[in-house]
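Me: Could you take a close look at the second largest pocket of this model and then work outward into the parts around it? I would like one connected account that I can follow with the structure open.

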Amino acid sequence: MLRFDGTSRHFGAVAAVDGVTLDIGRGSFVALVGASGSGKSTLLRTVNRLAEPTGGRVMLDGLDVASLPLVALRRRVGFVFQAIGLFPHLTVAENIAIGPRIQGAPVAQGRVAELLALVQLPADLASRMPAQLSGGQQQRVGIARALATSPPLMLLDEPFGALDPITRDALGRQVRSLHDELDLTTVLVTHDMAEALLLCDRVVVLDRGRVVADETPSALLAGAGGAQAQALVAVPREQARRLAGGGA
């Protein structure tokens, strides 16, 4: 469904993404992981052209995304930001409906209630303002907004990073459930290897803009992927060991 074909993104002399070639099949749930500055968020943003490639191509269903009108492209790609990005002067319902409205396809009130139910929020939140919601509720609204156009592809850029651990875990489980229920293709950027191992079918590790490992969670836990991937796996493994031992 999604193919990075020698995709690069340079900022001056700096290669944030450096010749990435990667295929993501329909129905996959793939994590992009790596240290800060590894290029994972920049790579994700080349899909919906929030970051235009300076080399190579990004293909969606066999079409170069650069050849697609932005409105048509972004209708097919849901995007969830770490910073949530709800418009503070719009109600929850208006935030959810803004994408389709801009694209000339207004969302019926019943559809808003349906989307809120999908992310396990009550329908009466539709009239509230974002400031009246908790962080977890706001991010659920952000996910509902991304789903409003019924996109087959969902991109999530550190969507749980600002949330407390309990909310983060619950929302991660919900995103995985939605992926399965709606038959989505999902790409998740995260710096948390434990999150990637628990939620995803496949983990792609980036370092300095290049793919250095591409493995299933079970293969990574069995020691595959090379030194850089195993350094990331070692963190949750060591945390689990310390917890089992009662401390440091």
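Reply: In this predicted model, the second largest pocket is lined by Pro165, Arg168, Asp169, Gly172, Arg173, Asp192, Ala194, Glu195, Leu198 and Leu199. Its volume is about 230 Å³. Two helices, α6 (165-181) and α7, each supply at least two residues of this lining, and α6 gives the most, with 5 residues. Sorted by class, the lining of the second largest pocket holds 5 charged residues, 4 nonpolar ones and 1 polar one.

Two of these lining residues, Arg168 and Glu195, lead on to threonine 190, since both appear among the residues that threonine 190 contacts beyond its neighbours within four places in sequence. Threonine 190 sits in the loop between β8 (185-189) and α7 (193-199). Is threonine 190 buried or exposed? With a relative accessible area of 1%, threonine 190 counts as buried, because the cut-off for that class is under 20%. Its side chain makes a polar contact with the side chain of glutamate 195, at 2.8 Å. The other residues in contact with threonine 190, again leaving aside neighbours within four places in sequence, are Leu32, Val33, Gly34, Lys40, Glu158 and Ala196.

Stepping back from that loop along the chain brings us to β8. In β8, 5 of the 5 residues are buried, so the strand is largely enclosed by the rest of the structure. Both faces of β8 are covered, with Thr185, Val187 and Val189 buried on one side and Thr186 and Leu188 buried on the other. As a general point, strands of a sheet pair through backbone hydrogen bonds, either parallel or antiparallel. For β8, one pairing is with strand β3 (residues 29-33), in the parallel sense and over 4 bridges, and here leucine 32 stands opposite valine 189 of β8. Leucine 32 is thus met a second time, as Leu32 is also among the contacts of threonine 190. Strand β7 (residues 153-157) also runs parallel to β8, and 5 bridges join the two; in this pairing, leucine 153 has threonine 185 of β8 as its bridge partner.

The surroundings of β7 and α6 also include an enclosed space. A search of the whole structure finds 1 cavity of 30 Å³ or more, and about 50 Å³ of space lies in the largest cavity. The elements that give two or more residues to its lining are β7 and α6, and the largest share, 3 residues, comes from α6. The residues that line the largest cavity are Ile143, Met154, Leu156, Val175, Leu178, His179, Leu184 and Thr186. Of these, Thr186 belongs to the buried residues of β8 described above. By class, the cavity lining divides into 6 nonpolar and 2 polar residues, with no charged residue, whereas the lining of the second largest pocket includes 5 charged residues.

For context, the largest pocket has a volume of about 540 Å³. Of the 19 residues that line it, those closest to its centre are Arg74, Phe79, Phe81, Gly99 and Gln103. The elements α2 (70-75), β6 (77-80), α3 (92-102) and α5 (135-147) each supply at least two residues of this lining, with the largest share, 4 residues, coming from α3. In terms of class, the lining of the largest pocket is made up of 11 nonpolar, 6 polar and 2 charged residues. Helix α3 has its own set of buried residues, namely Val92, Asn95, Ile96, Ala97, Ile98 and Pro100, and what covers them includes α4 (109-118) and α5.

One further part of the model is an open sheet, which you may want to view alongside the parallel pairings of β8. In this sheet, 4 strands lie in the order β2-β1-β4-β5, with antiparallel pairing. Its edge strands are β2 (14-24) and β5 (63-64), each of which pairs on one side only. Strand β4 (residues 55-60) pairs with β5 in the antiparallel sense over 2 bridges, and methionine 59 has aspartate 64 in β5 as its bridge partner.

Key. Residues numbered from 1 in each chain as written. Predicted model: local features only at pLDDT ≥ 70, side-chain atom pairs only at ≥ 80, totals over all residues. Heavy atoms only, no water. Buried < 20%, exposed > 50% of the residue type's maximum accessible area, 1.4 Å probe, protein only. Polar contact = N/O pair within 3.5 Å; in protein donor to acceptor, adjacent residues only side chain to side chain. Contact = heavy atoms within 4.5 Å. 1 Å grid on protein atoms, 1.4 Å probe; cavity = no way out; pocket = protein on both sides within 12 Å on 5 of 7 lines; lining within 4 Å. Points joined across faces, edges and corners; volume = space filled by probe spheres on them. Nonpolar A, V, L, I, M, F, W, Y, C, P; charged D, E, K, R; others polar. Pairing = 2+ DSSP bridges.
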